[in-house]
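Colleague: Hi there! Could we walk through this model together, one feature at a time?

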Amino acid sequence: MAGYSAEIVTLVLLLLCSCSLVLGDVTTTTAYQAVKENVSVDFVCKANFDNANWRWKYQDKDGSKKLVFIDGKFTDDYIGRATLTGTGIRLTGITRKDTGDYTCDATGANNAFGEATMKLVVEVPPSTPVMQVPTSVTTGSEAVLRCIEKDGSPPSTFKWYKNKTLMPDNPKSLPMFQNSSYTLDSKTGELRFSTTTKDDIGEYYCEASNTLGKAAATTPVLMEVYDTNVGGIVAAVIIVLLILALVGVGLWFAYSRGYIGILVKRLSTALLRRPEVIGISSRPPRLSCNPQWRSLHF
């Protein structure tokens, strides 16, 4: 019974705490806007309670957040380009960096609270994409080609071409690509060959596009596929082994003829005659007495 009593008390406390917050109604008529650069944009928010205290926040497409308006004034990033209207705020000089989510929230008497989120998309056509294409790969190895374009808004999607032919998402859908083992991600622009073959040799270029247009890389890049040079590797190993064998034979011959012993004896004799060669002095160390010590009194 004691356990049930504790649960009842906890439930009552939670109900009392929840009653301290009154959810107000905040609405917007600008839930989604798509605009060009260098225009003005109005964001509208309305609360169903009086004397609302407003706060505005912004979150970019990467998730980074910052305040726009708080305590009755705009933050430093928006001073000079944001103004209050009767129903919200207005931003001027819109750029692609303003793309993101804008949230208004309002608090009022008796702890009333409400919020609404609006999305702004600043439309920008894609710029010329940058390609990363390996020019030389080995048969059977993996090859990754990348198409990079970050200016487009909405974000660009990507296509790849080989020898001026559009590459399908599924290589098995066209006869000329049936021997390829690639995957194509149209959102990231990555073209990945899991196992390259001679059939993958060709000139590649990519294209980025969104609702405002498209842009293609200006110069195709040739990707060559080479067989592993097994013969060359074997020849190099044989040459290294021959060199090591010759060195070993030379050392054995010098040792068997006594040349190494004679050389060691001559080096030992030379070191004994000139010990300073190895940093040993032939003179005993000299001890000196500083006359100034005699004048010290204790």
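Modeller: Gladly, and please keep in mind that this is a predicted model. Before we turn to strands and helices: these are DSSP runs, with at least two residues for a strand and at least four for a helix, numbered from the N terminus.

Colleague: Which strand gives the most to the lining of the largest pocket?

Modeller: The largest pocket holds about 260 Å³ of space. Its lining has 13 residues, and those closest to the centre are Glu-149, Lys-150, Phe-158, Lys-187 and Thr-188. With three residues, the top contributor to that lining spans residues 143-148, and this is strand E15.

Colleague: How many residues of that lining are charged?

Modeller: Lys and Glu count as charged, while Phe counts as nonpolar. The lining has four nonpolar and three polar residues, and the charged ones number six.

Colleague: Which helix supplies the largest share of the nonpolar patch?

Modeller: The patch covers about 690 Å² and is built from Ile-239, Ile-243, Val-247, Leu-251, Tyr-255, Ile-260 and Val-264. Two helices, H2 (230-256) and H3 (259-273), each bring at least two residues to it. The largest share is five residues, and it comes from H2.

Colleague: Is Val-247 buried, partly exposed or exposed?

Modeller: Val-247 sits in helix H2 and belongs to the nonpolar patch. The partly exposed class lies between the 20% and 50% cut-offs. The relative accessible area of Val-247 is 47%, so this residue is partly exposed.

Colleague: What is the distance between the closest N and O atoms of Asp-105 and Arg-55?

Modeller: This pair joins distant parts of the chain, with Asp-105 in strand E11 (residues 100-107) and Arg-55 in strand E6 (residues 53-60), 50 residues apart. A salt bridge needs a side-chain nitrogen of Lys or Arg within 4 Å of a carboxyl oxygen of Asp or Glu. Asp-105 and Arg-55 form one, and their closest N and O atoms are separated by 3.0 Å.

Colleague: Which class of exposure does Asp-105 fall into?

Modeller: Its partner Arg-55 has 32% relative accessibility and is partly exposed. Buried means under 20%. Asp-105 has a relative accessible area of 3%, so Asp-105 is buried.

Colleague: How many salt bridges does the count come to?

Modeller: The rule asks for nitrogen and oxygen within 4 Å. Arg-192 and Glu-190 are one such pair, at 3.0 Å. By this rule, the count of salt bridges is twelve.

Colleague: Which residues are linked in a network of salt bridges?

Modeller: Arg-146 and Glu-190 meet in a salt bridge at 3.8 Å, N to O. They lie 44 residues apart, Arg-146 in strand E15 and Glu-190 in strand E19 (residues 190-193). Glu-190 also forms a salt bridge with Arg-192. The linked residues are Glu-142, Arg-146, Glu-190 and Arg-192.

Colleague: What is the relative accessibility of Arg-146?

Modeller: Two other members of the network are partly exposed: Glu-190 at 23% and Arg-192 at 27%. Arg-146 is partly exposed too, with a relative accessibility of 35%.

Colleague: Where does the cis peptide bond lie?

Modeller: Most peptide bonds are trans, so a cis one deserves a look. Pro-154 is in the loop between E15 and strand E16 (157-162). With omega near 5°, the cis bond runs from Ser-153 to Pro-154.

Colleague: What phi does Asn-38 have?

Modeller: Most residues other than glycine have a negative phi. Asn-38 is in the loop between strand E3 (32-35) and strand E4 (41-44), and its relative accessible area of 66% makes it exposed. Although Asn-38 is not a glycine, its phi is positive, at about 65°.

Colleague: And what phi does Asn-111 have?

Modeller: Asn-111 lies in the loop between E11 and strand E12 (112-122). At 49% relative accessibility, Asn-111 is partly exposed. Asn-111 is not a glycine either, yet it has a positive phi of about 60°.

Colleague: One last thing: what distance separates the C-alpha atoms of Gly-100 and Lys-61?

Modeller: Gly-100 is part of strand E11 and counts as buried at 6% relative accessibility. Gly-100 and Lys-61 are 39 residues apart along the chain, and their C-alpha atoms are separated by 5.4 Å.

Conventions:
Residues are numbered from 1 along each chain as its sequence is written. This is a predicted model: local features need pLDDT of at least 70, side-chain atom pairs count only at pLDDT 80 or more; totals for chains, interfaces and linings use all residues. Side-chain values use heavy atoms; hydrogens and water are left out. On a 1 Å grid over the protein atoms alone, a cavity is a set of points where a 1.4 Å probe fits but cannot get out, and a pocket is an open set with protein on both sides within 12 Å along at least five of seven lines; lining residues have an atom within 4 Å of a point. Grid points are joined across faces, edges and corners, and a volume is the space filled by probe spheres set on the points. Patches are made of residues with over 30% relative accessible area and no salt bridge: like charges are joined within 9 Å, nonpolar side chains (Val, Leu, Ile, Met, Phe, Trp, Tyr) within 5 Å. Accessible areas come from the Shrake-Rupley method with a 1.4 Å probe; for residues, only the protein chains shown count as cover. Buried means under 20% relative accessible area, exposed over 50%, partly exposed in between (1.4 Å probe, protein chains only).
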